[in-house]
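Hi everyone, thanks for making time for this. Please have the viewer open, and I'll walk you through what I looked at this week.

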Amino acid sequence: MKRTALTLVAFIACNWAMAQNFISPNGAENAGSQPAINIAVISTKVSNADKQMELAEFNEQMGDLSGAISLYKKAAEEYNADKKYNKYGSVLLKISALLLEQENYNEAEQVVLKSALKNYSKIGSRNGQMLSYNMLGRIYFAANKLTQSMWFYTQQGILAQQLNNPSIYLDSVLGIADIKIKKKEFGLASKDLLRAEELAKASNLPQYNQRIRVSKSILTEKSKGKS
């Protein structure tokens with residue numbers, strides 16, 4: 001028992017002496033001491049909105065669009081409450097795109113008209129407005145509301161030119177060409193597709209080549225059917 005007690009006392013004394021080699025009585029480091037180790041605490045705090053986004057993206061990847069939409073809506077509410085309006089608008093457009101994929105055209109339209117566009121107008125984001133116009137062009141085209149689709153694709157193109165965004169402008173030209181094909185205005189559609197090819201080449205946007213080819217193929221097929 002005595003031997004155990006003596007061993008414990010020696011251990012404590014040894015540790016106390018080692019501590020003195022690093023820290024002086026007034027708390028400053030001794031001149032000959034080793035440098036102090038600073039432990040950086042990295043914050044891993046994730047907002048509730050970000051958590052909802054992660055879950056929504058997982059559901060979307062798994063093919064559960066309804067579950068994803070529900071979670072994206074919760075994330076949008078959180079971003080709006082946190083005054084993160086750019087993220088809020090981005091999620092709204094995501095929701096609208098998934099609703100469009102489900103062919104829920106009315107709700108997809110309302111999400112953009114009543115929420116996304118108002119949000120982007122409030123914060124003065126012309127880029128957000130441009131993307132909202134694109135989404136509405138897509139929704140109305142799918143719903144076969146071609147006059148409305150044409151108007152929004154045109155507004156998208158105007159803003160894209162003002163913002164010097166050739167990619168989004170080219171997208172609007174292709175959207176308008178698809179409308180003209182659907183309206184059986186084949187001559188006008190052909191001119192738009194030729195213009196799209198020239199724009200893609202001039203602006204070095206080869207990622208649009210496949211889409212142009214698809215539209216040209218549809219045009220050829222439809223125009224043959226007419227004759």
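**The pocket and the helices around it**

Let's begin with the lining of the largest pocket: its residues divide into 5 nonpolar, 3 polar and 6 charged. In that split, Ala, Val, Leu, Ile, Met, Phe, Trp, Tyr, Cys and Pro count as nonpolar, Asp, Glu, Lys and Arg as charged, and the others, Gly among them, as polar. Before I go on, this is a predicted model, where local features need pLDDT of at least 70 and side-chain atom pairs count only at pLDDT 80 or more, while totals for chains, interfaces and linings use all residues. Residues are numbered from 1 along each chain as its sequence is written, and side-chain values use heavy atoms, with hydrogens and water left out.

Back to the pocket, which has a volume of about 250 Å³. Of the 14 residues lining it, Phe 141, Gly 175, Asp 178, Arg 211 and Ser 215 are the closest to the centre. A pocket here is an open set of points on a 1 Å grid over the protein atoms alone, where a 1.4 Å probe fits, with protein on both sides within 12 Å along at least five of seven lines; lining residues have an atom within 4 Å of a point. Points are joined across faces, edges and corners, and the volume is the space filled by probe spheres set on them.

Which helices each supply at least two residues of that lining? They are α6 (126–142), α8 (166–182) and α10 (209–226). Helices are DSSP runs (H or I, at least four residues), numbered from the N terminus.

Now for α6 itself. Its 17 residues should span 24 Å at 1.5 Å a residue, and the end C-alpha atoms are indeed 24 Å apart; the expected span is 1.5 Å times one less than the number of residues. Its buried residues include Gly 128, Met 130, Asn 134 and Ile 139, where buried means under 20% relative accessible area, exposed over 50%, and partly exposed in between (1.4 Å probe, protein chains only). The buried residues of α6 pack against α4, α5 (105–123), α7 (146–162) and α8. After the helix comes Asn 144, with a positive phi near 65°.

Take Gln 129, in α6: buried or exposed? At 18% relative accessibility, Gln 129 counts as buried. Leaving aside neighbours within four places in sequence, Gln 129 is in contact (heavy atoms within 4.5 Å) with Leu 117, Tyr 120, Ser 121 and Leu 159.

Over in α8 we find Ser 172, which is buried at a relative accessible area of 2%. With the same neighbours left aside, those within four places in sequence, Ser 172 touches Tyr 153, Gln 156 and Gly 157.

Last, the rings. Rings of Phe, Tyr and Trp (its six-membered ring) pair if their centres lie within 6.5 Å; planes under 30 degrees apart count as stacked, over 60 as edge-to-face and the rest as tilted. The count comes to 3 aromatic pairs. Tyr 133 and Phe 152 have ring centres 5.9 Å apart and planes at 35°, so this pair is tilted. Tyr 133 sits in α6 and Phe 152 in α7, so the pair ties together parts 19 residues apart in sequence. Trp 151 and Phe 152 pair edge-to-face, at 4.9 Å centre to centre and 85° between the planes. Ring pairs link Tyr 133, Tyr 140, Trp 151 and Phe 152 into a cluster.
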